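Q: Hi! Could you walk me through this structure while I have it open? I'd like to begin with how the chains meet.

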Amino acid sequence: MWTLTWKGLLAAKARFVMTALAVIIGTGFVAGALTFGDTLEEGFENLFISIVGTADAVVRAEDPDDTRADDPFDTAVPTFPTEVVDRLVALDEVAVAEGEVEGVAILIGDDGEPTGQFGPPTIGYNAYINQELDPAELRTGRWPETADEIAIDAGTASAQGWGVGDRVGLVLDGPVERPEVVGTFGLGDLDNLAGASVVVLDRATALARLGTDGELTAAYAVAAAGVDEAQLIAAIETELGEGFTVQTAAEVVAEQQEAFGPIIEVFSIALLVFAVIALLVGSFLIFNTFTIVLAGRLRELALLRAVGASRGQLFGSVLGEAALVGAVGGALGAAFGLLVARGLQVILGTIGIELPGDLVVLPRTIGVAIAVGVVITVLAAIVPARRAVAIPPVAALTEVAVAAPAGRGLVRTVLGAVLLTGGVAALATTLLTDAGAVTLGVGAVALFLGVAALSALIVRPLARLLGGPSAALGISGELARANATRNPRRTAATASALMIGLALVSFVSIFAASLQGSVRDTIEGSFLSDAIVQSGTLAGVPDPALDAVAAVDDVEVVAAAAAGQVELGDRTVTVGVMDLDQLRAVLDLDITDGSLDGLATGGIALTESIADDLDLVAGDEVAATMPDGETTLPVAAVFDGGGIDVGAFLDTRTWGGPGGSASTVFNAYVLFDAEADASRVFAAVEEALVAYPQVRVLDQAGFADAIASQLDQFVGVVLALLALSVLVALLGIVNTLALSVVERTREIGLLRAVGMTRPQVRRMVRTEAISVALIGAALGLLLGVPLGAVFVRIEQFNITQLVLPWAQIAIGVVLAALAGLLAGVLPARRAANLDVLEALHSE
Amino acid sequence: MSASSAGTDDPSLAAETVELTKVYGEAQAEVRAVDGVTLTVPTGSYTAVMGPSGSGKSPLLHCLAGLDRPTSGTVRIGGTDLAALKDKQLTELRRERVGFVFQAFNLVPTLTARENIVLPLRLGRRAPDPDWFDAVITSLALGDRLAHKPAELSGGQQQRVAVARALVTRPQLVFGDEPTGNLDRTSGQELLALLRRSVDELGQTIVMVTHDPIAAATADRVWFLADGRVVDELAGPTVDGVLDRIRALES
């Protein structure tokens, strides 16, 4: 039987190329995701090791409140005096020690914007006294020696076109200044660390101006000859006593890796999600290929049955074919995965996020790719194989055209109807009750499967509906429409692959458009401020900038909004920290329960969805983990959180206990005198902030645009990844049509004989391709639009309005049709180029 | 044999060939399927082509019908030299001036009988002449079958639809390639009678390849082929006459 498998494959090798392609794309993304993750993990491990450099021990001040360790808004690092380094050096166990102060230093590009914008860290630290301990290596020039000199990372230098001798914009603790670049450096092989911009200042400047009041943030020590790590750590701990953490290099690396793990994981999981979608779409393609190829070999199978092959043997032989195709596809997919991972690195590199490391290909990755390829292909081939081997042996001896025994249509229909009903019920439940995304997700899967199962029934009416225009093409169009429906199941399976892509595209479009609409809605409805001052970096808006804005004529209120994290019950909630009076002046919150008054006396205001989640109403108390420890907060008010980007509000006096604790201010809302000319005041505010290029000032519309464009970027990335599944679906159309053309060779010969011209043949096949694509698009919209519409109603997303981006959806449909046209090109050419005589006399 | 060396646009000639040769393969494997055949098909004639397997019947027919191109020599249909035609023109010639009835798989399965019949006209974006269409349908007794798909028709009915399609364009020539080969005796005889009537009553010209002496005997004359040449011709054939010639050729 194994010989049979092999021969079967060889005979139909062209037909399996498409199947293998589908497997390659799907498994390629699985392998790419794994490789990318592994590469990041190892790259960062190496990077962390090189950052710790030659040090054997790392000393840091103990964070008095451990609860804030993972608060991304908390950039304050505990510090210690420089004398600590002297005490380390004095120890016999220490050969050499170095102190480091690290803080925020923002480079301003020649375009006036901070380098890297929001996102990548902007780090500044001091030039080392013992330069052999510095993990950074000079590439050009020298280390800075005066307050007017800096060294910058080579990546930022090349991105900005800066070199030694240039004067560049820099923001430390005050307005922008222009020191001279005297050196560039890299970390190991890397010019840059994940897009971060790094500035080295001379030691005195770093100590004075990185916000540490002359103190250090870390110290590194190298053990004296003959002293082991444990002895070194023990000696330092004894010397320094309470208030310090002393760790080995390995411990520091492990700690940083642990902090980075989840980020890498998120990346890998996101890629895997799209890989799974591509695989799902690919499985339709595989299913179709096997169905068609086997249909063409029924007589051969019947003959084999007649000469004594058992059903089981034939079934095994067909599945063997599937396994082989899957294994080959998976192996090639693993290779393709390397390209995917490398491509990701390159793409991220070009947008300034340089990630460390050469590609790490683990045997596990190749194994997984092959296994996934085999499993998917075999699973997709089971039904066609079962159907084909059910052929009675006598079929080999009869002259009548052989057809596969009809599948269990009833079972399929009933199952499809049940799934569809269940899916609709889940949608209704989501709409009518507060059941969340999980219910909808399960419903969505049921809907997809239900529609896929029933699609064979929907194809005919759909084709009739969509076929109207194709009739205008004359007989070619009519034949195309007839061809698209002559095997509804095959067309359905081909179209279903595209359906998945289109459904997801319309779903994502609706979600994004609705979210953007809600944000605009909220900004117009709730934001009373005339201008919003926003930080362009993670460092936040500096106090002097706020003071400068407050000093502008006709500016009445400058409401600084700091952000922080609080744990409420089992939820981590981002809180906006504002002065209550200012909050009231600039934000018109829609209070549904209680009153904001309670904020003044230490209360918290929560969005409805968080209050519901935690089962809280105004007047309740909630256990909270705050920056200064655990406490209980009274719930003062509950508000409709639609469009508000924080989950709760606290008064500045509540945050960090009496006296308040500083936290980073990301936004400041500015209110003008109502009598004043708003555009004049706005211009004056802009003028006042010229010295602070790291902040920008926006009016309401600009603020809404900024948020919308961030969302657009995100949607763009998602759509680009979904385009891959659409690509797989297109391969499916190419494959099905090519195989159909082979099947209909004789018919095409007849058409040519009685006078169909080559262009007419081409048009017929292309029209069929477009019809299939449009059927898939229609099915996709049928699924995606309701799913999207229901999804945005889920309360926890705080989306206040449903926006159906018809233009975008229409573009999707047009693109699907164009893609169909493209998919039809090759099969159409093949059909048109058939030799009339050979076609007429083919089997 | 009605050999002719001239007469390019003689209206009494439906088709003619001059030194028609068709060679398949190259060098050692070369096969001269049609070897220098010169013949004429008068308008309104009914010709049967016979000969053993491999004698060149089908290649001759294919070249004559514009389905295949000769290696050398000339083929004219109604005075048009096929060698001068591009693929598109050749296709249009088949569509408008030639009709085909094959042994099997004559019909497009997705189209109804009516749609199959008017297919050549639709391909040329022409409307059928209603009177002629009715005449053909009536003569072939297909009136109550027009809305059926091929799968719902018997073999004889399918072949009648094919004949109707061949006639509906009023072609200069109708080619039959074993048109009764897949039919039972009764259906076969019905079909042969139809072809005869279309010559006698509608003035159609038919060239038909067949193995069946009974079918051949319904024609006006029979060409006998062997090794790519026309080796004999019989006018006013009878079944016995045909059988005699075949035996004579085999001996």
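Q: How many residues does each of chain A and chain B give to the contact?
A: Chain A puts in 20 residues and chain B puts in 22 residues. Bear in mind that this is a predicted model.

Q: Which elements of chain A give two or more residues to the side that touches chain B?
A: Those are helix H13 (475–486), helix H20 (745–753), helix H21 (758–791) and helix H23 (836–840) of chain A. H20(A) gives the most, with six residues.

Q: And how do the residues on that side of chain A divide into nonpolar, polar and charged?
A: The side of chain A that touches chain B has 10 nonpolar, five polar and five charged residues.

Q: Let's stay with H20(A). Which of its residues are buried?
A: Ile748(A), Gly749(A), Leu750(A), Leu751(A), Arg752(A) and Ala753(A) are buried there.

Q: What covers the buried residues of H20(A)?
A: The cover comes from both chains: it includes H21, helix H22 (806–832) and H23 of chain A, along with helix H2 (87–97) and strand S6 (98–101) of chain B. After H20(A) comes Gly755(A), with a positive phi near 115 degrees.

Q: Changing topic: how do the axes of H7(A) and H10(A) cross?
A: Helix H7 (residues 249–295) and helix H10 (residues 363–389), both of chain A, have axes that come within 8 Å and cross at roughly 30 degrees. Angles under 35 degrees count as roughly parallel, so H7(A) is roughly parallel to H10(A). Their crossing is right-handed.

Q: Which residues meet there?
A: From H7(A), they include Gly282(A), Ile286(A), Phe287(A) and Phe290(A). On the H10(A) side, Ile376(A), Ala380(A), Val383(A) and Pro384(A) are among them. The residues of this contact divide into 13 nonpolar, four polar and no charged.

Q: Now the largest nonpolar core: which residues touch the most other members?
A: Of its 337 residues, Ala221(A), Val549(A), Ala668(A) and Ala773(A) do.

Q: What does Val549(A) touch?
A: Leaving out residues up to four places away in sequence, Val549(A) touches Val533(A), Val555(A), Val558(A), Ala668(A), Val670(A), Val685(A), Ala688(A) and Leu689(A).

Q: One last residue: where does Gln694(A) lie?
A: Gln694(A) is in the loop between helix H18 (678–688) and strand S22 (695–698) of chain A.

Q: Is Gln694(A) buried or exposed, and why?
A: Gln694(A) counts as buried because 24 other C-beta atoms lie within 10 Å, and the cut-off for buried is 20 or more.

Note on methods
Residues are numbered from 1 along each chain as its sequence is written. Chains are lettered from A and ligands numbered from 1 in the order in which they are written. This is a predicted model: local features need pLDDT of at least 70, side-chain atom pairs count only at pLDDT 80 or more; totals for chains, interfaces and linings use all residues. Axes are lines fitted to C-alpha atoms, for helices over the stretch in contact, and angles run from 0 to 180 degrees between N-to-C directions. Helices (H or I, at least four residues) and strands (E, at least two) are DSSP runs, numbered from the N terminus. Angles under 35 degrees count as roughly parallel, over 145 as roughly antiparallel, 65 to 115 as roughly perpendicular and the rest as oblique. A crossing is left-handed if the near helix is turned anticlockwise from the far one by less than a right angle, and right-handed if clockwise. Two residues are in contact if their C-beta atoms, placed from the backbone, lie within 7 Å. Ala, Val, Leu, Ile, Met, Phe, Trp, Tyr, Cys and Pro count as nonpolar, Asp, Glu, Lys and Arg as charged, and the others, Gly among them, as polar. A nonpolar core is a set of buried Ala, Val, Leu, Ile, Met, Phe, Trp, Tyr and Cys residues joined through C-beta atoms within 7 Å. A residue is buried if 20 or more other C-beta atoms lie within 10 Å of its own, exposed if 12 or fewer, and partly exposed in between; C-beta atoms are placed from the backbone.
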